[in-house]
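The exercises below are meant to be worked through slowly, with the sequence and the model side by side. Each task is followed by a solution that proceeds step by step.

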Amino acid sequence: MRPPGFTLVVPGVDRMRKVNLQIVTMPVPAQEGITRDNVTVRVDAVVYFKVVDAPAAVINVEDYRFAVSQMAQTSLRSIIGKSDLDDLLSNREKLNQGLELMIDSPAVGWGVQIDRVEIKDVSLPDTMKRSMARQAEADRERRARVINADAELQASRKLAEAAREMSETPSALQLRLLQTIVAVAAEKNSTLVLPFPVELLRFLERAQHSAPEPGPGADGPLAAP
(Lines give C-alpha, C1' and ligand atoms only; values in the text may rest on other atoms or scores of the structure.)
Protein backbone atom coordinates (compact mmCIF):
# COMPACT_ATOMS: atom_id res chain seq x y z
CA MET A 1 0.00 0.00 0.00
CA ARG A 2 1.28 3.42 -0.94
CA PRO A 3 0.12 6.45 1.00
CA PRO A 4 -1.27 9.57 -0.74
CA GLY A 5 1.30 11.75 -2.45
CA PHE A 6 4.12 11.12 -4.89
CA THR A 7 5.02 7.49 -5.54
CA LEU A 8 8.16 6.26 -7.19
CA VAL A 9 7.56 3.49 -9.71
CA VAL A 10 10.61 1.87 -11.28
CA PRO A 11 9.85 1.06 -14.93
CA GLY A 12 10.14 -2.65 -15.74
CA VAL A 13 10.40 -3.58 -12.04
CA ASP A 14 7.37 -2.11 -10.28
CA ARG A 15 3.77 -2.21 -11.39
CA MET A 16 1.06 -0.05 -9.90
CA ARG A 17 -2.61 -1.13 -9.55
CA LYS A 18 -5.26 1.37 -8.59
CA VAL A 19 -8.22 -0.04 -6.64
CA ASN A 20 -11.47 1.88 -6.34
CA LEU A 21 -12.71 1.92 -2.73
CA GLN A 22 -16.13 3.34 -3.60
CA ILE A 23 -19.32 1.27 -3.51
CA VAL A 24 -19.75 -0.55 -6.82
CA THR A 25 -23.18 -1.27 -8.29
CA MET A 26 -23.13 -4.51 -10.26
CA PRO A 27 -26.23 -5.88 -12.02
CA VAL A 28 -26.62 -9.64 -11.93
CA PRO A 29 -27.79 -11.09 -15.26
CA ALA A 30 -31.22 -12.72 -15.20
CA GLN A 31 -31.05 -16.35 -14.13
CA GLU A 32 -33.60 -18.99 -15.03
CA GLY A 33 -34.46 -21.68 -12.56
CA ILE A 34 -37.18 -23.91 -11.16
CA THR A 35 -38.58 -23.06 -7.75
CA ARG A 36 -39.22 -25.57 -5.02
CA ASP A 37 -42.88 -25.82 -6.09
CA ASN A 38 -41.86 -26.60 -9.72
CA VAL A 39 -42.45 -23.21 -11.35
CA THR A 40 -40.03 -21.91 -13.98
CA VAL A 41 -39.02 -18.30 -13.27
CA ARG A 42 -36.47 -15.79 -14.47
CA VAL A 43 -34.94 -13.59 -11.75
CA ASP A 44 -32.43 -10.76 -11.94
CA ALA A 45 -30.78 -8.85 -9.10
CA VAL A 46 -28.26 -6.13 -8.28
CA VAL A 47 -25.28 -6.29 -5.91
CA TYR A 48 -23.74 -3.36 -4.03
CA PHE A 49 -20.19 -4.03 -2.75
CA LYS A 50 -16.95 -2.22 -1.98
CA VAL A 51 -13.29 -3.12 -1.52
CA VAL A 52 -12.16 -2.91 2.11
CA ASP A 53 -8.75 -4.57 1.70
CA ALA A 54 -6.99 -3.46 -1.49
CA PRO A 55 -3.97 -5.84 -1.25
CA ALA A 56 -6.27 -8.85 -0.76
CA ALA A 57 -8.46 -7.76 -3.67
CA VAL A 58 -5.41 -7.59 -5.94
CA ILE A 59 -3.38 -10.55 -4.67
CA ASN A 60 -5.86 -13.16 -3.40
CA VAL A 61 -8.09 -13.17 -6.48
CA GLU A 62 -7.31 -12.53 -10.14
CA ASP A 63 -10.34 -10.32 -10.88
CA TYR A 64 -12.52 -9.52 -7.88
CA ARG A 65 -15.29 -7.96 -10.00
CA PHE A 66 -15.62 -11.08 -12.16
CA ALA A 67 -15.45 -13.29 -9.05
CA VAL A 68 -18.24 -11.35 -7.31
CA SER A 69 -20.37 -11.46 -10.47
CA GLN A 70 -20.02 -15.24 -10.85
CA MET A 71 -20.68 -15.84 -7.16
CA ALA A 72 -23.79 -13.65 -7.34
CA GLN A 73 -25.16 -15.59 -10.32
CA THR A 74 -24.51 -18.95 -8.66
CA SER A 75 -26.07 -17.84 -5.38
CA LEU A 76 -29.10 -16.43 -7.20
CA ARG A 77 -29.76 -19.76 -8.93
CA SER A 78 -29.37 -21.53 -5.60
CA ILE A 79 -31.87 -19.17 -3.94
CA ILE A 80 -34.38 -19.81 -6.74
CA GLY A 81 -34.18 -23.58 -6.24
CA LYS A 82 -34.63 -23.31 -2.46
CA SER A 83 -37.59 -20.91 -2.50
CA ASP A 84 -41.28 -21.12 -3.34
CA LEU A 85 -42.93 -18.85 -5.86
CA ASP A 86 -44.86 -17.01 -3.14
CA ASP A 87 -41.58 -16.22 -1.34
CA LEU A 88 -40.07 -14.78 -4.51
CA LEU A 89 -43.09 -12.56 -5.04
CA SER A 90 -43.91 -11.40 -1.51
CA ASN A 91 -41.03 -12.25 0.85
CA ARG A 92 -38.09 -10.72 -0.97
CA GLU A 93 -36.52 -9.08 2.07
CA LYS A 94 -35.72 -12.44 3.62
CA LEU A 95 -34.38 -13.76 0.30
CA ASN A 96 -32.20 -10.66 -0.09
CA GLN A 97 -30.63 -11.29 3.30
CA GLY A 98 -29.96 -14.94 2.48
CA LEU A 99 -28.49 -14.01 -0.88
CA GLU A 100 -26.25 -11.41 0.76
CA LEU A 101 -24.89 -13.97 3.23
CA MET A 102 -24.19 -16.48 0.46
CA ILE A 103 -22.17 -13.94 -1.53
CA ASP A 104 -20.45 -12.31 1.43
CA SER A 105 -19.00 -15.53 2.89
CA PRO A 106 -16.41 -16.19 0.14
CA ALA A 107 -15.97 -12.47 -0.64
CA VAL A 108 -14.41 -11.81 2.77
CA GLY A 109 -11.19 -13.53 1.68
CA TRP A 110 -11.09 -11.37 -1.46
CA GLY A 111 -11.01 -8.12 0.51
CA VAL A 112 -14.55 -7.31 -0.64
CA GLN A 113 -17.51 -6.45 1.57
CA ILE A 114 -21.07 -6.98 0.26
CA ASP A 115 -23.10 -3.93 1.21
CA ARG A 116 -26.52 -4.99 -0.09
CA VAL A 117 -28.22 -7.37 -2.51
CA GLU A 118 -31.62 -6.71 -4.06
CA ILE A 119 -33.81 -8.91 -6.24
CA LYS A 120 -35.04 -6.60 -9.00
CA ASP A 121 -37.63 -8.51 -10.98
CA VAL A 122 -39.25 -11.94 -11.18
CA SER A 123 -40.53 -12.92 -14.63
CA LEU A 124 -43.20 -15.61 -14.88
CA PRO A 125 -44.46 -17.57 -17.90
CA ASP A 126 -47.66 -16.32 -19.51
CA THR A 127 -49.52 -19.48 -18.56
CA MET A 128 -48.62 -18.97 -14.91
CA LYS A 129 -49.74 -15.33 -15.06
CA ARG A 130 -53.12 -16.40 -16.45
CA SER A 131 -53.46 -19.09 -13.78
CA MET A 132 -52.68 -16.60 -11.02
CA ALA A 133 -55.18 -14.15 -12.50
CA ARG A 134 -57.90 -16.82 -12.53
CA GLN A 135 -57.04 -17.78 -8.97
CA ALA A 136 -57.29 -14.17 -7.79
CA GLU A 137 -60.58 -13.73 -9.65
CA ALA A 138 -62.01 -16.90 -8.11
CA ASP A 139 -60.94 -15.76 -4.65
CA ARG A 140 -62.60 -12.38 -5.10
CA GLU A 141 -65.78 -14.07 -6.35
CA ARG A 142 -65.76 -16.39 -3.34
CA ARG A 143 -65.46 -13.46 -0.96
CA ALA A 144 -68.26 -11.63 -2.77
CA ARG A 145 -70.55 -14.66 -2.43
CA VAL A 146 -69.72 -15.04 1.25
CA ILE A 147 -70.48 -11.36 1.87
CA ASN A 148 -73.74 -11.65 -0.09
CA ALA A 149 -74.78 -14.75 1.85
CA ASP A 150 -73.97 -13.04 5.14
CA ALA A 151 -76.08 -10.06 4.10
CA GLU A 152 -78.99 -12.37 3.20
CA LEU A 153 -78.69 -14.07 6.60
CA GLN A 154 -78.78 -10.76 8.45
CA ALA A 155 -81.72 -9.57 6.33
CA SER A 156 -83.67 -12.76 7.00
CA ARG A 157 -83.11 -12.37 10.75
CA LYS A 158 -84.33 -8.79 10.63
CA LEU A 159 -87.38 -9.80 8.57
CA ALA A 160 -88.20 -12.56 11.04
CA GLU A 161 -87.91 -10.09 13.90
CA ALA A 162 -90.16 -7.64 12.07
CA ALA A 163 -92.71 -10.38 11.36
CA ARG A 164 -92.88 -11.24 15.07
CA GLU A 165 -93.44 -7.59 15.94
CA MET A 166 -96.18 -7.22 13.30
CA SER A 167 -97.93 -10.40 14.42
CA GLU A 168 -98.52 -8.84 17.82
CA THR A 169 -99.97 -5.67 16.24
CA PRO A 170 -102.21 -6.39 13.22
CA SER A 171 -102.57 -2.71 12.40
CA ALA A 172 -98.82 -2.47 11.80
CA LEU A 173 -99.09 -4.98 8.98
CA GLN A 174 -101.93 -2.95 7.45
CA LEU A 175 -99.83 0.23 7.67
CA ARG A 176 -96.91 -1.58 6.02
CA LEU A 177 -99.22 -2.67 3.21
CA LEU A 178 -100.32 0.91 2.68
CA GLN A 179 -96.69 2.06 2.59
CA THR A 180 -95.98 -0.55 -0.07
CA ILE A 181 -98.90 0.73 -2.14
CA VAL A 182 -97.58 4.30 -1.88
CA ALA A 183 -94.10 3.16 -2.93
CA VAL A 184 -95.47 1.29 -5.95
CA ALA A 185 -97.69 4.18 -6.98
CA ALA A 186 -94.71 6.57 -6.91
CA GLU A 187 -93.00 4.62 -9.70
CA LYS A 188 -95.75 5.58 -12.19
CA ASN A 189 -95.73 2.23 -13.91
CA SER A 190 -98.49 -0.10 -15.08
CA THR A 191 -98.50 -2.26 -11.96
CA LEU A 192 -101.99 -2.88 -10.59
CA VAL A 193 -102.28 -3.36 -6.84
CA LEU A 194 -105.46 -4.70 -5.22
CA PRO A 195 -105.13 -4.22 -1.47
CA PHE A 196 -106.86 -6.82 0.65
CA PRO A 197 -107.68 -5.96 4.27
CA VAL A 198 -105.47 -7.87 6.66
CA GLU A 199 -108.18 -7.95 9.30
CA LEU A 200 -110.39 -9.97 6.95
CA LEU A 201 -107.64 -12.50 6.45
CA ARG A 202 -107.22 -12.86 10.19
CA PHE A 203 -111.01 -13.22 10.63
CA LEU A 204 -111.11 -16.05 8.09
CA GLU A 205 -108.12 -17.70 9.75
CA ARG A 206 -109.76 -17.56 13.19
CA ALA A 207 -113.03 -18.85 11.75
CA GLN A 208 -111.23 -21.80 10.18
CA HIS A 209 -109.50 -22.72 13.43
CA SER A 210 -112.72 -22.36 15.47
CA ALA A 211 -114.87 -24.59 13.19
CA PRO A 212 -115.85 -27.89 15.03
CA GLU A 213 -114.37 -31.05 13.62
CA PRO A 214 -116.67 -34.07 13.06
CA GLY A 215 -116.55 -36.66 15.88
CA PRO A 216 -116.30 -40.41 15.63
CA GLY A 217 -120.09 -40.76 15.84
CA ALA A 218 -120.84 -38.33 13.08
CA ASP A 219 -122.73 -39.51 10.04
CA GLY A 220 -120.46 -40.29 7.21
CA PRO A 221 -121.24 -40.85 3.59
CA LEU A 222 -124.04 -43.35 2.84
CA ALA A 223 -122.89 -46.85 2.18
CA ALA A 224 -124.25 -48.94 -0.57
CA PRO A 225 -126.78 -51.62 0.57
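## Exercise 1: a residue in a turn

Asparagine 38 is found in the loop between β1 and β2, where helices (H or I, at least four residues) and strands (E, at least two) are DSSP runs numbered from the N terminus. This is a predicted model, in which local features need pLDDT of at least 70 and side-chain atom pairs count only at pLDDT 80 or more, while totals for chains, interfaces and linings use all residues. Residues are numbered from 1 along each chain as its sequence is written, and side-chain values use heavy atoms, with hydrogens and water left out.

Task: say what sign phi of asparagine 38 has, and whether asparagine 38 counts as buried or exposed.

Solution. Begin with the backbone: phi of asparagine 38 is near 60°, a positive value in a residue other than glycine. As background, most residues other than glycine have a negative phi. Then place the residue in its surroundings, where β1 and β2 form a hairpin with 5 residues between them. Finally, asparagine 38 counts as exposed because its relative accessibility is 66%; buried means under 20% relative accessible area, exposed over 50%, and partly exposed in between (1.4 Å probe, protein chains only).

## Exercise 2: building the sheet

Task: work out in which order the strands of the open sheet are arranged, and which of them are edge strands.

Solution. Take the pairs one at a time, bearing in mind that two strands pair if DSSP finds at least two bridges between them.

- Strand β1 (residues 24-34) and strand β2 (residues 40-51) are antiparallel and share 9 bridges; among the partners, valine 24 is matched with phenylalanine 49, and proline 27 with valine 46.
- Strand β2 is also joined to strand β3 (residues 112-123) by 10 bridges, again in the antiparallel sense, and here tyrosine 48 stands opposite arginine 116.

Putting these together gives an open sheet of 3 strands in the order β1-β2-β3, with antiparallel pairing. The edge strands are β1 and β3, since each pairs on one side only. From one strand to the next the twist averages 25°, where axes are lines fitted to C-alpha atoms, for helices over the stretch in contact, and angles run from 0 to 180 degrees between N-to-C directions.

## Exercise 3: helices against the sheet

Task: find which strands helix α2 touches, and which strands helix α4 touches.

Solution. Helix α2 (residues 64-82) packs on the sheet and touches β1, β2 and β3, its direction making about 35° with that of β1; contact means heavy atoms within 4.5 Å. Helix α4 (residues 92-107) also packs on the sheet, touching β2 and β3, and its direction makes about 140° with that of β3. Within α4 lies glutamine 97, which counts as partly exposed because its relative accessibility is 47%. From C-alpha to C-alpha, glutamine 97 and arginine 116 are 8.3 Å apart in space, although 19 residues separate them in sequence.

## Exercise 4: two residues compared

Task: decide how serine 83 and arginine 42 are classed by accessibility, and list what each one touches.

Solution. Serine 83 lies in the loop between α2 and α3 (85-90), and it counts as buried because its relative accessible area is 5%. Leaving aside neighbours within four places in sequence, serine 83 is in contact with Thr35, Arg36, Leu88 and Leu95. Arginine 42, by contrast, is found in strand β2 and is partly exposed, with a relative accessible area of 38%. When residues up to four places away in sequence are not counted, arginine 42 touches Ala30, Gln31, Glu32, Asp121, Val122 and Ser123.

## Exercise 5: the whole chain

Task: state how many helices and strands the protein chain has, and what percentage of its residues count as buried.

Solution. The count comes to 7 helices and 3 strands, and along the sequence they follow the pattern β-β-α-α-α-α-β-α-α-α. Of the 225 residues of the protein chain, 21% count as buried. Among contacts with a separation of 6 or more, 66% are between residues 24 or more positions apart.
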